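Colleague: I should like to request a close look at a single part of this structure, written so that a first-year student can follow it. Please begin with that part and then work outwards to its surroundings.

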Amino acid sequence: MHASIPRWPRWAHRVLPWTLSALLLAGPPCQADTGVPAFPAYFVVRDVEGAGAALHLRIGGKGGNEETAVVLLHGFGETGDMWAPLAAQLSERFTVIVPDLRGMGLSARPDGGYDKKTQARQLAAVLDTLGVRSVALVTHDIGNMVGYAFAAQYPQRVSRFAIIDAPLPGIEPWTEIARRHAVWHWSFWGADAERLVAGRERIYLDRFWNEFTAQGNRYPDSWRMHYATLYAQPGAMHAAFEQFRAFDQDVIDNRAFAATGKLTMPVLAVGGGRSYGTTMATVMRNVADDVSAQVIPGSGHWVLEERPAELIAAVRQFLEAASRR
């Protein structure tokens, strides 16, 4: 364990027995050979069972108790690896927990359960195993949908919620957004879609990195290669497509969540200036009472990759505001 990290939080005794083997399995912590940003070397890598399937986790930081835990949830086209630059910053103050979503990255790929309500329950079970009761959420893309399902089902477990650049199924203006040609991929799933993409994962994913990055920005080639390799694993694209296939159920579930009342924890709704922009605040004000809006100028959908300094500063300010009270 990294010698400079003092006073591990109470879940540490559940993680430390796996530390050495996890770090050996994870390989070089800096991923220097890939050019992909890496988590600090003191992060522990562990697979934790929950709701019938294991989530692949990275855990680390200086948080001293459950109130200082932050969960980062990624979206389609990436894995939890995307969060390394933000995790490195947040781990100076917080305990940071970064899963690969169900079926994605190095997490298990069960046959079902890709609706976001089920995934939120899986996350809750994993946090229970770690002994973590309360968390702040920072989410992007499909991670937004899992995050909202978690906050709606377990509002007492969420202290703050920063949500980044993707709508929520069933929460308006969902109907208008779903008509846009740009989101045709929401209906692209099934056996034939998988056959078309098999062996061409990089080509398919390039479409997202090219079209949803703002003009003048470039999603890095090293990251494209890294994620394309992960999505080319057996069953990986099937599981990724299942995330979209579940949207119809997510619409039903989210409307039911919203009908029971709005979230009361502080919410930061972040949109890329050349992507969802202020629409993120519109979405979240339909389901939450205390919403602050933040637009990142010059960014498309991949906000952390396109404007890392601006996003990291916004998220840190939002999360650290609670600890200053």
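Modeller: The account below takes one strand, then its partners, and then the helices and the sheet around it.

The structure is a predicted model, in which local features need pLDDT of at least 70 and side-chain atom pairs count only at pLDDT 80 or more, while totals for chains, interfaces and linings use all residues. Residues are numbered from 1 along each chain as its sequence is written, and side-chain values use heavy atoms, with hydrogens and water left out.

The protein chain has 14 helices and eight strands; helices (H or I, at least four residues) and strands (E, at least two) are DSSP runs, numbered from the N terminus. The part chosen here is strand β5, residues 135-140. Six of its six residues are buried, so β5 is largely enclosed by the rest of the structure. Buried means under 20% relative accessible area, exposed over 50%, and partly exposed in between, with a 1.4 Å probe and protein chains only. In a regular strand the side chains alternate between the two faces of the sheet. Both faces of β5 are covered: V135, L137 and T139 are buried on one side, and A136, V138 and H140 are buried on the other. In the protein chain as a whole, buried residues make up 58% of the 325 residues.

The partners of β5 come next. Strands of a sheet pair through backbone hydrogen bonds, either parallel or antiparallel. Here, two strands pair if DSSP finds at least two bridges between them. Strand β3 (residues 69-73) pairs with β5 in the parallel sense over five bridges, and A69 stands opposite V135 in β5. Strand β6 (residues 158-164) also runs parallel to β5, joined by six bridges, and H140 stands opposite I164 in β6. Between β5 and β6 the chain passes through helix α5 (residues 142-153), and this β-α-β crossover is right-handed. A crossover has that hand if, with the strands pointing away from the viewer, the path from the first strand over the helix to the second runs clockwise.

Helix α5 lies across β3, β5 and β6, and runs at about 150 degrees to β5. Axes are lines fitted to C-alpha atoms, for helices over the stretch in contact, and angles run from 0 to 180 degrees between N-to-C directions. A second helix, α4 (residues 116-130), lies across β1, β2, β3, β4 and β5, running at about 120 degrees to β1.

These two helices also meet each other. Helices α4 and α5 pack at an angle of about 70 degrees, with their axes 8 Å apart. That makes α4 roughly perpendicular to α5; angles under 35 degrees count as roughly parallel, over 145 as roughly antiparallel, 65 to 115 as roughly perpendicular and the rest as oblique. Contact means heavy atoms within 4.5 Å. Among the residues of α4 that take part are K116, R121, L123 and L127, and they meet a set in α5 including I142, M145, V146 and F150.

The wider sheet gives β5 its setting. Eight strands form an open sheet in the order β1-β2-β4-β3-β5-β6-β7-β8, and the pairing is mixed. Strands β1 (44-50) and β8 (291-296) stand at the edges, each with a single partner strand, so one side of each is left without a neighbour in the sheet. Neighbouring strands of this sheet are turned by 20 degrees against each other on average, direction ignored.

An antiparallel pair within this sheet is formed by β2 (residues 53-61) and β4 (residues 95-99), which share five bridges; the bridge partner of G61 in β4 is T95. In the other part of the order, β6 and β7 pair in the parallel sense over four bridges, and the partner of A162 in β7 is L268.

Strand β7 (residues 267-272) has six of its six residues buried, so it is largely enclosed by the rest of the structure. V267, A269 and G271 point one way from β7, and L268, V270 and G272 the other way. Six bridges join β7 to β8, and the two run parallel, with G271 opposite V295 in β8. The chain goes from β7 to β8 through helix α12 (residues 279-285), and this β-α-β crossover is right-handed.
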